[in-house]
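Colleague: Could you walk me through this one? I'm new to reading structures.

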Amino acid sequence: MEAGVACKLNYPTWIESERFGRNSTGSLRFSRIAKQEHKARLVVSAHFPVLTSSNRFRSVSFEVSCSSSKNFSASTIETGSVHAPYDEALVLKNKSLEVEPYLNGHSIYLVGLMGSGKTTVGKILSNVLSYSFCDSDVLIEQEVNGMSVAEVFKLHGERFFRKKETEVLQRLSSKKQLVVSTGGGAVVWDVNWDYMQKKGVVVWLDVPLEALAQRIAAVGTHSRPLLHYEHGDPYTKALKRLSYLLELRGKNYAKANARVSLKEIAGKLGYRDVSDLTPTEIAIEALQQIEGYLKEEGGMVIAGL
């Protein structure tokens, strides 16, 4: 991120630093010639707390103070604010660097209702962390000769699918440096929690039901076998079933080590609707929540710190 400050002095200055993409506050030091005849060296420090973020822009207040090696006292020379775009890819990368020492190679398991973006966000996280990405549904399909999840449900039933899901999670639990997108119902069986939390951190992507129903209705419900029990238009079918599933699984999702609420992210960033959020912004919040968990005593034990 870059932030520009034009000091209203005899010597206008432009300040820029990638550090502002990483921290909510930062300081810069540089020198310039204030008086040609004395070659006085001034140290200028700029403080940039991020106030708000909206529409991919951040409102940043600043305070610039000045001191000198010639024993001049420090003084504030400018205050104000700027409205500058931020590089979300840079923010994501810097946050991943902050989280890595705490994560210590342990895997990340994404849980949540169908359509919550586990695969999309998971691929972003795996890329920035240099982890491998796994979709448990895809691994199950590979085990049944390429049969789709919908076909497995139709021919063998949900219980057969859940058993296969547990087998997949058991195998993955012995590995590190994975980001795993799980099926929406993976949280129901207690044994799956044992496997996911054996060497991993479980993150719940919590998306408002209306937003999920809109997503699913937009792409169709044919690939969602649990939606076939409902009647009506695609949106109504999705909303009814999702409401039922959340009531059934809500307590299970709440057992996750970290929760990523899209509603809370949208409010924090000043968006009217969660659909305005980018997958990268959701991934950034996921890393922040993971970091917060791992800094707590329980998380640090899991991470081996």
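Modeller: We'll go through the sheet, a helix pair and two residues.

Modeller: This is a predicted model, where local features need pLDDT of at least 70, side-chain atom pairs count only at pLDDT 80 or more, and totals for chains, interfaces and linings use all residues. Residues are numbered from 1 along each chain as its sequence is written, and side-chain values use heavy atoms, with hydrogens and water left out.

Colleague: OK, the sheet. What is the strand order?

Modeller: The order is 6-7-5-8-9, in an open sheet of 5 strands with parallel pairing. Strands (E, at least two residues) and helices (H or I, at least four) are DSSP runs, numbered from the N terminus. Two strands pair if DSSP finds at least two bridges between them.

Colleague: Which strands stand at the edges?

Modeller: Strand 6 (132-135) and strand 9 (258-261) do. Each has a single partner strand, so one side of each is left without a neighbour in the sheet. From one strand to the next, the twist averages 20 degrees. Such angles run from 0 to 180 degrees between N-to-C directions, and axes are lines fitted to C-alpha atoms, for helices over the stretch in contact.

Colleague: And strand 5? How many bridges join it to strand 8?

Modeller: 5 bridges join strand 5 (residues 107-111) to strand 8 (residues 200-206). Another 3 bridges join strand 5 to strand 7. Take Tyr109: its bridge partner in strand 8 is Val202, and in strand 7 Tyr109 stands opposite Val180.

Colleague: Is strand 5 buried or exposed?

Modeller: 5 of its 5 residues are buried, so strand 5 is largely enclosed by the rest of the structure. Buried means under 20% relative accessible area, exposed over 50%, partly exposed in between (1.4 Å probe, protein chains only). Ser107, Tyr109 and Val111 point one way, while Ile108 and Leu110 point the other way.

Colleague: Switching to helices. At what angle do helix 1 and helix 10 pack?

Modeller: About 20 degrees, for helix 1 (residues 88-103) and helix 10 (residues 279-295), with their axes 9 Å apart. That makes helix 1 roughly parallel to helix 10. Angles under 35 degrees count as roughly parallel, over 145 as roughly antiparallel, 65 to 115 as roughly perpendicular and the rest as oblique.

Colleague: Which residues make the contact?

Modeller: Among them are Val91, Leu92 and Val99 of helix 1, and Ile284, Leu287 and Leu294 of helix 10. Contact means heavy atoms within 4.5 Å.

Colleague: Tell me about Thr280. Where is its place?

Modeller: Thr280 is in helix 10. It is buried, with a relative accessible area of 15%. Leaving aside neighbours within four places in sequence, Thr280 is in contact with Glu88, Leu92 and Ile124.

Colleague: Last one, Ser116. Which loop does it lie in?

Modeller: The loop between strand 5 and helix 2 (118-129). At 4% relative accessibility, Ser116 counts as buried. Not counting residues up to four places away in sequence, Ser116 touches Leu205, Val207, Leu212 and Arg215. Ala211 is 95 residues apart from Ser116 along the chain, and their C-alpha atoms are separated by 8.9 Å.
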